[in-house]
Amino acid sequence: MTDDTTGDWTGWRAATEAALYGPDGFYRRPEGPAGHFRTSVHASPLFADAVARLLCRLDEALGRPARLDLVDMAAGRGELATGVLAALPAEVNARTRVCAVEVTDRPAALDHRIEWLSEPPENITGLLFANEWLDNVPVEIAETDASGVPRRVLVRRDGRERLGEPVAGAEAEWLDRWWPLPAEEGLRAEIGLPRDEAWASASATVERGLAVAVDYAHTVSSRPLFGTLTGFREGRETAPVPDGSCDLTAHVALDACALAGGRVRTQRDALRALGIEGARPPLSLATTQPAEYVRALARAGQAAELTAAGGLGDFGWLLQPVDLRVGFPDAPPRDPLAELLVDVPDHEEQ
């Protein structure tokens with residue numbers, strides 16, 4: 001911490017909001033997020049294939065509605081929406097309305113079938129999918145002082161910090177429940193209340209279907225002692241400086257975001273349940289169909305990256321069903337998520 005008390009000090013939430021989404025913010029830059037970091041969407045088209053498969057399963061569970069919605073939250077330049085649309089079977093594609101939600105202007109070359117919105121539409125019947133959105137919803141940072149009191153961390157545009165007032169009210173209640181800080185000087189937490197509220201608001205736009213949030217995550221039993229706030233610039237991790245020059249991100253307490261009926265899975269388990277496996281093709285294929293072997297080997301490598309332990313496979317998937325009923329009306333009640341993601345072990349703590 002610095003002793004400098006001059007300049008414009010604000011909480012990290014306001015500083016991040018301006019740095020990412022202000023008039024000259026990071027997310028308004030022409031190169032887009034893909035110019036600075038690589039998500040699962042950019043890693044492989046298999047990710048879009050998996051989302052398309054999930055949407056098809058959801059379509060069946062919803063009884064094949066006349067209009068099936070796909071809403072891509074924090075759509076970047078529309079890469080996921082474009083990939084899913086291309087992967088859908090023709091019959092499902094013909095009924096699907098695709099909406100990309102982003103703060104930037106619509107890309108000029110984007111498929112004309114994709115609607116470009118600044119907010120998600122209402123009355124969604126289908127899938128709202130938020131890949132690496134919640135980690136960029138700005139939050140306040142708390143740090144314990146020498147007396148063990150959690151205080152708000154204030155920051156200047158150049159990244160210098162100092163401690164502000166004690167955390168109080170709803171933010172203090174959130175910390176007590178979801179990220180209790182031991183009374184040890186210097187321990188930090190990201191107060192995830194704005195993310196809980198953002199997720200509740202986004203999920204509320206789904207009338208029938210499923211909302212999914214995908215992000216690096218942690219649970220209440222294993223919160224990091226010093227928080228996770230960091231920056232990314234041109235593919236490299238960097239110090240988090242709220243001047244618009246870099247992405248600002250922090251991992252998400254998905255267990256706190258989850259509403260009634262929501263569950264958190266690992267990306268590894270979710271993608272494997274959707275048919276994305278990292279197994280190598282049989283070596284015999286190299287002799288009988290060498291071109292297909294090469295393609296299958298490439299797919300296996302991409303699948304392995306998407307499901308890798310210590311990497312993208314450790315992402316959390318928060319699956320939030322909304323008025324989702326499966327089977328016939330007179331059938332015994334069944335778990336809608338088990339119908340959509342079959343044989344996924346529930347490893348995550350709730």
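User: Which helix supplies the largest share of the lining of the largest pocket?

Analyst: H7 supplies the largest share, with three residues. Please keep in mind that this is a predicted model.

User: Okay, and which elements each supply at least two residues of that lining?

Analyst: Four helices and a strand do so: helix H1 (12–21), helix H2 (40–43), helix H4 (79–87), helix H7 (193–203) and strand E2 (68–73).

User: How many residues line the largest pocket, and which lie nearest its centre?

Analyst: The lining has 34 residues. Those nearest the centre of the pocket are Met-73, Ala-74, Val-101, Glu-102 and Trp-133.

User: How do the lining residues divide into nonpolar, polar and charged?

Analyst: There are 18 nonpolar residues, eight polar ones and eight charged ones.

User: And how much space lies in that pocket?

Analyst: The largest pocket holds about 740 Å³ of space.

User: Let's zoom out. How many helices and strands does the protein have?

Analyst: The protein has twelve helices and 15 strands. Of its 350 residues, 53% are buried. Among contacts with a separation of 6 or more, 74% are between residues 24 or more positions apart.

User: What about the surface, how much does the protein expose?

Analyst: The exposed area is about 15,900 Å², and 52% of it is supplied by carbon and sulfur atoms.

User: Next topic: how many cavities of 30 Å³ or more are there?

Analyst: A search of the whole structure finds two. In general terms, empty space is revealed by rolling a probe the size of a water molecule over the atoms.

User: What is the volume of the largest cavity, and what lines it?

Analyst: Its volume is about 80 Å³. The lining consists of 13 residues, and Thr-16, Pro-138, Val-139, Arg-195 and Leu-229 lie nearest the centre. Two elements, H1 and strand E13 (247–249), give two or more residues to this lining. By class, the lining divides into eight nonpolar, three polar and two charged residues.

User: And which residues line the second largest cavity?

Analyst: The second largest cavity contains about 40 Å³ of space. Its lining is made up of Trp-174, Trp-179, Glu-190, Gly-192, Arg-195, His-218, His-251, Val-252 and Ala-253. Four of these residues are nonpolar, three are polar and two are charged.

User: Glu-190 is in that list. Is Glu-190 buried or exposed?

Analyst: Glu-190 counts as buried because its relative accessible area is 3%, under the 20% cut-off. Glu-190 is part of strand E9.

User: What does Glu-190 touch?

Analyst: Beyond the residues up to four places away in sequence, the residues touched by Glu-190 include Val-139, Glu-140, Ile-141, Trp-174, Trp-179, His-218 and Thr-228. A polar atom of the Glu-190 side chain lies 2.4 Å from the backbone nitrogen of Thr-228. Glu-190 is also 38 residues from Arg-152 in sequence, with 9.9 Å between their C-alpha atoms.

User: What about Leu-187, where does it lie?

Analyst: Leu-187 is in the loop between helix H6 (169–178) and E9. Leu-187 is classed as buried because its relative accessibility, 3%, is under 20%. Its C-alpha is 5.2 Å from that of Phe-226, although the two are 39 residues apart in sequence. Apart from neighbours within four places in sequence, Leu-187 is in contact with Ala-142, Glu-143, Thr-144, Leu-181, Pro-182, Leu-225 and Phe-226.

User: Back to H1. Which of its residues are buried?

Analyst: Trp-12, Ala-15, Thr-16, Ala-19, Leu-20 and Tyr-21 are buried in H1. As background, an α-helix has 3.6 residues a turn, so residues three or four places apart point the same way.

User: What covers the buried residues of H1?

Analyst: The cover includes strand E1 (10–11), E6, E7, strand E8 (161–166), strand E9 (188–191) and E13.

User: Last one: where is the place of Asp-145?

Analyst: Asp-145 is in the loop between strand E6 (140–144) and strand E7 (150–155). Asp-145 is buried, since its relative accessible area of 11% is under 20%.

User: What does the side chain of Asp-145 reach?

Analyst: The Asp-145 side chain reaches the backbone nitrogen of Ser-147 at 2.9 Å. The side chains of Asp-145 and Arg-151 are also joined by a polar contact of 2.7 Å. Not counting residues up to four places away in sequence, Asp-145 touches Arg-151, Leu-163 and Glu-185.

How values were computed: Residues numbered from 1 in each chain as written. Predicted model: local features only at pLDDT ≥ 70, side-chain atom pairs only at ≥ 80, totals over all residues. Heavy atoms only, no water. Buried < 20%, exposed > 50% of the residue type's maximum accessible area, 1.4 Å probe, protein only. Polar contact = N/O pair within 3.5 Å; in protein donor to acceptor, adjacent residues only side chain to side chain. Contact = heavy atoms within 4.5 Å. 1 Å grid on protein atoms, 1.4 Å probe; cavity = no way out; pocket = protein on both sides within 12 Å on 5 of 7 lines; lining within 4 Å. Points joined across faces, edges and corners; volume = space filled by probe spheres on them. Nonpolar A, V, L, I, M, F, W, Y, C, P; charged D, E, K, R; others polar. Areas by Shrake-Rupley, 256 points an atom, 1.4 Å probe, with all protein chains shown as cover.
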